[in-house]
Structures are given as structure tokens and as C-alpha cells.
Amino acid sequence: MVETNKNSEQSMIDYAEKIVRLLKTTRKELNDYSFEKSKQYGFTGPQLFLVFVLYKYPGLSLQEVSEKIGLSKSTVSGIVDRLVCQGDVVREIPSEDRRSVKLFLSSDFSKKHNLMEIKRQFLTDLISDASTEDLNTVINGLEKIYEIIQNKKLKNTEK
């Protein structure tokens, strides 16, 4: 009986290690892909993600953008600085709150770039060779991982 529990525990460790390894390598591959695709449009990966966020949510603060793209506020600040210098992003200070800064895509940005076409190519090129069945399998697997993590977090907060 002890041996079975030991095997079961080792099996769980093996599963966990494989899941973590696959998530890490997948993230690296996605980062590499986004780096290459972003270069085609004259941006870095993080710059392009920031642009996508500001397109969808104009007027966000630096902190809000940071939370949406999952990078530190100081990193996002540097990205914004470069995009402002390129003329792609503008900072606006609302008259009702002079301490806050809101970020927007510049009017020149849409003249220089067709963001919807960039987004379409960026996203669809990635999955264009996958079957619908494969895409659904990936989505279901990622949703299941998310669900498992959320359930574990919930159990831990109940203790």
C-alpha cells in the first residue's frame, strides 16, 4: 500500500512537472512568435500588445495598462515613452484630475497603421494551420488548467 501511494505521489509530481514545462515552453514559443511578427510591423511584442490594449480601452492609466498586459508599471512606462517618441501614443492630463495621465493612440497612428489588419494577421496566422478540433482541444485544456488552479486557490482561501 505504501508503494502505491509513493507511485501515485511520483505520478502527480511527473504530471505537474510536465504541465509546467509545457506551459513554459509554450509561453517561450508564443513570445518568439510575437517578437518576429511584431518586427514585421515596426514594433516590439510588448509595444504591439500595448497598442492593442489602448485600441480596445482608450484612456487607461499607466497602472491600468500595466495590469492588462501583465508587465510592471516601470516597464510599461518605458514602452509608452518609446511609443510617444514615435508619435504612436499620446498622454493626456484630464482637467478634473491634474495628477492622472490617460493614454491614447495618436490620430497619426491610425493613418500609419491598419491595426485591425495587423491584429487579424497576428492572431490568425498563428492558428491558421490548426483544425477546429485541435483548436477546441487546446481551448478546453487551457480552460481546464485555469479551472484547476482557481479551485485550488479557492480551497486554500477557505482554510
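In this predicted model, the side chains of R91 and D81 come together in a salt bridge, at 2.2 Å from N to O. R91 sits in strand β1 (residues 89-92) and D81 in helix α4, so this pair ties together parts that are ten residues apart in sequence. Both ends get some exposure: R91 is partly exposed, at 41% relative accessible area, and D81 is also partly exposed, at 35%.

The count of salt bridges comes to eight. Another one joins E36 and K39, with 3.7 Å between N and O. These two residues share helix α1, where they are three residues apart, or about one turn of the helix. E36 is partly exposed at 44% relative accessible area, and K39 is partly exposed at 47%. Over in helix α7, K144 and E147 are likewise three residues apart, about one turn of the helix, and their side chains meet in a salt bridge of 3.3 Å, N to O. K144 has a relative accessibility of 43% and counts as partly exposed; E147, at 39%, is partly exposed too.

Next come the aromatic rings. The structure has four aromatic pairs. One of them is Y33 with F122, a tilted pair with 5.8 Å from centre to centre and 55° between the planes. This pair links distant parts of the chain, since Y33 belongs to helix α1 (residues 2-40) and F122 to helix α6 (residues 115-127), 89 residues apart. F122 itself is buried, with just 5% relative accessible area. F122 also pairs with F49: the ring centres are 5.9 Å apart and the planes stand at 85°, so this pair counts as edge-to-face. With F49 in helix α2 (residues 45-56) and F122 in helix α6, the pair ties together parts 73 residues apart in sequence. F49 is partly exposed, at 36% relative accessible area, whereas F122 is buried. Put together, Y33, F49, F52 and F122 make up one aromatic cluster.

Some rings have lysines for company. K119 lies over the face of F52, at 5.6 Å from the ring centre. Elsewhere, the charged end of K68 sits over the ring of Y57, 4.2 Å from its centre.

As for the nonpolar interior, the largest core has 22 residues, and L50, V65 and V89 are the members that touch the most others. The elements giving two or more residues to this core are α2, α3, α4, β2 (102-105) and α6. Helix α2 gives the most, with six residues. Nonpolar side chains tend to be buried together in soluble globular proteins.

Not every nonpolar residue is tucked away, though: M12, Y15, I19, L23, V138 and L142 form a nonpolar patch on the surface, with about 600 Å² of accessible area together. Two elements, α1 and α7 (132-158), each give two or more residues to the patch, and α1 has the largest share, with four residues. V138, found in helix α7, is partly exposed, with a relative accessible area of 47%.

Finally, there is a glycine in a loop. G70 falls between α3 (62-69) and α4 (73-85) and is exposed, at 58% relative accessible area. The C-alpha atoms of G70 and P46 are separated by 10.0 Å, and the two residues are 24 residues apart along the chain.

Note on methods. Residues are numbered from 1 along each chain as its sequence is written. This is a predicted model: local features need pLDDT of at least 70, side-chain atom pairs count only at pLDDT 80 or more; totals for chains, interfaces and linings use all residues. Side-chain values use heavy atoms; hydrogens and water are left out. Rings of Phe, Tyr and Trp (its six-membered ring) pair if their centres lie within 6.5 Å; planes under 30 degrees apart count as stacked, over 60 as edge-to-face and the rest as tilted. Buried means under 20% relative accessible area, exposed over 50%, partly exposed in between (1.4 Å probe, protein chains only). A charge sits over a ring if NZ of Lys or CZ of Arg is within 6 Å of the ring centre and within 35 degrees of the ring normal. Patches are made of residues with over 30% relative accessible area and no salt bridge: like charges are joined within 9 Å, nonpolar side chains (Val, Leu, Ile, Met, Phe, Trp, Tyr) within 5 Å. Accessible areas come from the Shrake-Rupley method with a 1.4 Å probe; for residues, only the protein chains shown count as cover. A salt bridge is a side-chain nitrogen of Lys or Arg within 4 Å of a carboxyl oxygen of Asp or Glu. A nonpolar core is a set of buried Ala, Val, Leu, Ile, Met, Phe, Trp, Tyr and Cys residues joined through side-chain atoms within 4.5 Å.
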